[in-house]
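Biologist: I would like a close look at a single part of this model. Please take it slowly and keep to what can be read from the structure.

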Amino acid sequence: MNKVTTAKDAIAKIKDGDTVLVGGFLQAGCPETLLKALYEQSTATNLTVVSNDTGTKQSHMMKVMEQGRVSKVHATYIGANPLTGQMLIDDPDSVTLYPQGTLAEKIRCGGAGIAAFYTPVGVGTVVEEGKEKRRFGDQEYLMETALRGNVALVKATVADKAGNCFLRGSTKNFGAIMARAADFVIAEAQKIVEVGELDPELVTIPGIFIDALVQTEVEV
Amino acid sequence: MDVKRFIAQRVAKELRHGDVVNLGIGLPTLVADYVPEGVEVTLQAEHGILGSGPAAEPGKEDPDIINAGGFYITVQPGASFFDSATSFAIIRGGHVDVTILGALQVDEKGNLANWMVPGKKVTGMGGAMDLVVGAQRSSSPWSTPTKVLRKFWRNVISRLQP
């Protein structure tokens with residue numbers, strides 16, 4: 001099955017009120033072609049964005065936020081995007097911050113059919129507020145629930161037309177796990193090859209998780 | 001020597017041969033310059049590298065290989081890359097020996113405040129909370145608390161550097 005499409009058609013899947021998982025750690029693995037399409041060719045609004053850091057100042061993520069289309073953010077580090085910091089000051093409930101390993105595990109569980117998990121991280125800090133605490137052995141743990149998106153945007157280095165993706169170097173980060181945790185997953189790839197040309201041993205994201213594939217045209 | 005490099009040099013003396021070490025953004029990255037003679041360590045980066053190397057030479061930057069601060073780096077022979085869930089399995093699972101963190105405040109008991117000043121600046125905790133829970137030893141530059149942010153503290157730092 002050929003999953004190649006245009007950024008405009010793929011991004012049309014994002015509807016008002018959707019939760020959008022955005023891969024990348026700062027510029028590494030940031031799906032910039034898809035974010036540019038979200039900025040220029042979509043009017044979907046009231047979005048919840050899940051991202052490690054909501055990107056850098058150079059990313060189109062900032063421009064989508066400037067359009068006022070992002071109403072909630074889930075992230076771990078927002079020091080590189082001043083708009084997310086401002087959102088948090090203006091409305092503390094609009095931005096939820098998690099320890100990075102907790103956000104990663106919430107997404108991993110969301111893609112793996114696991115409802116919740118217990119982690120020792122955050123016990124004794126503001127992170128524990130409102131969460132179930134439970135003792136296992138001699139240590140206390142917090143219950144964290146799984147997180148899924150309506151749509152995920154991820155970036156690959158090489159993909160075949162069936163959606164098998166290779167993510168090179170330190171670009172794997174959140175994209176590799178977000179691709180498992182959304183109802184509709186869009187991957188952009190720097191290079192798209194025919195089925196059979198990507199070594200199965202090099203597949204970071206099996207094609208079964210990918211719904212649409214777009215050629216990378218812009219980078220951060 | 002400026003004070004940051006002085007602190008980095010002192011912190012580096014805490015490292016033991018064979019340690020897996022995570023260096024935070026900022027001052028902690030300087031520690032890599034002062035690893036003592038005869039001590040070999042493996043650097044872990046939270047976004048998915050085991051075996052980080054020095055900064056990439058100008059003109060030889062690889063856009064797919066950055067450190068946790070977004071700067072282009074190299075990797076050492078024997079390095080590996082992985083996704084964020086695997087990275088925090090390494091961190092939370094106790095496989096990192098030492099984490100060296102920057103801090104806003106640390107008290108004499110090792111409680112750490114490092115990711116927000118209420119009403120002013122919020123950067124988020126990034127991977128710091130997972131690191132201080134998962135690493136076998138934690139180290140942070142020490143400063144006398146001037147304003148108590150106790151709500152954000154946790155007794156986690158095993159070694160303070162005055």
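Which residue in strand 7 of chain A is the bridge partner of Lys133(A)?

Modeller: This is a predicted model. The bridge partner of Lys133(A) in strand 7 of chain A is Leu142(A). That pair belongs to a larger pattern: strand 6 and strand 7 (residues 139-145) of chain A run antiparallel and are joined by four bridges. The sheet they sit in is open and has three strands, in the order 5-7-6, with antiparallel pairing. Strand 5 (116-119) and strand 6 (133-136) of chain A are at the edges and have a single partner strand each, so one side of each lacks a neighbour in the sheet. From one strand to the next, the twist averages 40°. Helix 5 of chain A, residues 100-112, lies across strand 5 and strand 7 of chain A. Relative to strand 5 of chain A, helix 5 runs at about 155°.

Beyond the sheet, there is the contact between the chains. Chain A contributes 37 residues to this contact and chain B contributes 29. On the chain B side, helix 3 (84-92) and helix 4 (128-134) each supply at least two residues. Helix 3 of chain B gives the largest share of that side, five residues. By class, the side of chain B that touches chain A is made up of 13 nonpolar, eight polar and eight charged residues.

Helix 1 of chain B (residues 3-12) has the buried residues Ile7(B), Ala8(B), Val11(B) and Ala12(B). They span an arc of only 135° around the axis, and therefore lie on the same side of helix 1 of chain B. The exposed residues Val3(B) and Phe6(B) are on the face of helix 1 turned away from its buried side.

Terms used: Residues are numbered from 1 along each chain as its sequence is written. Chains are lettered from A and ligands numbered from 1 in the order in which they are written. This is a predicted model: local features need pLDDT of at least 70, side-chain atom pairs count only at pLDDT 80 or more; totals for chains, interfaces and linings use all residues. Two strands pair if DSSP finds at least two bridges between them. Axes are lines fitted to C-alpha atoms, for helices over the stretch in contact, and angles run from 0 to 180 degrees between N-to-C directions. Two residues are in contact if their C-beta atoms, placed from the backbone, lie within 7 Å. A residue is buried if 20 or more other C-beta atoms lie within 10 Å of its own, exposed if 12 or fewer, and partly exposed in between; C-beta atoms are placed from the backbone. The arc is that of the directions from the helix axis to the C-beta atoms. Ala, Val, Leu, Ile, Met, Phe, Trp, Tyr, Cys and Pro count as nonpolar, Asp, Glu, Lys and Arg as charged, and the others, Gly among them, as polar.
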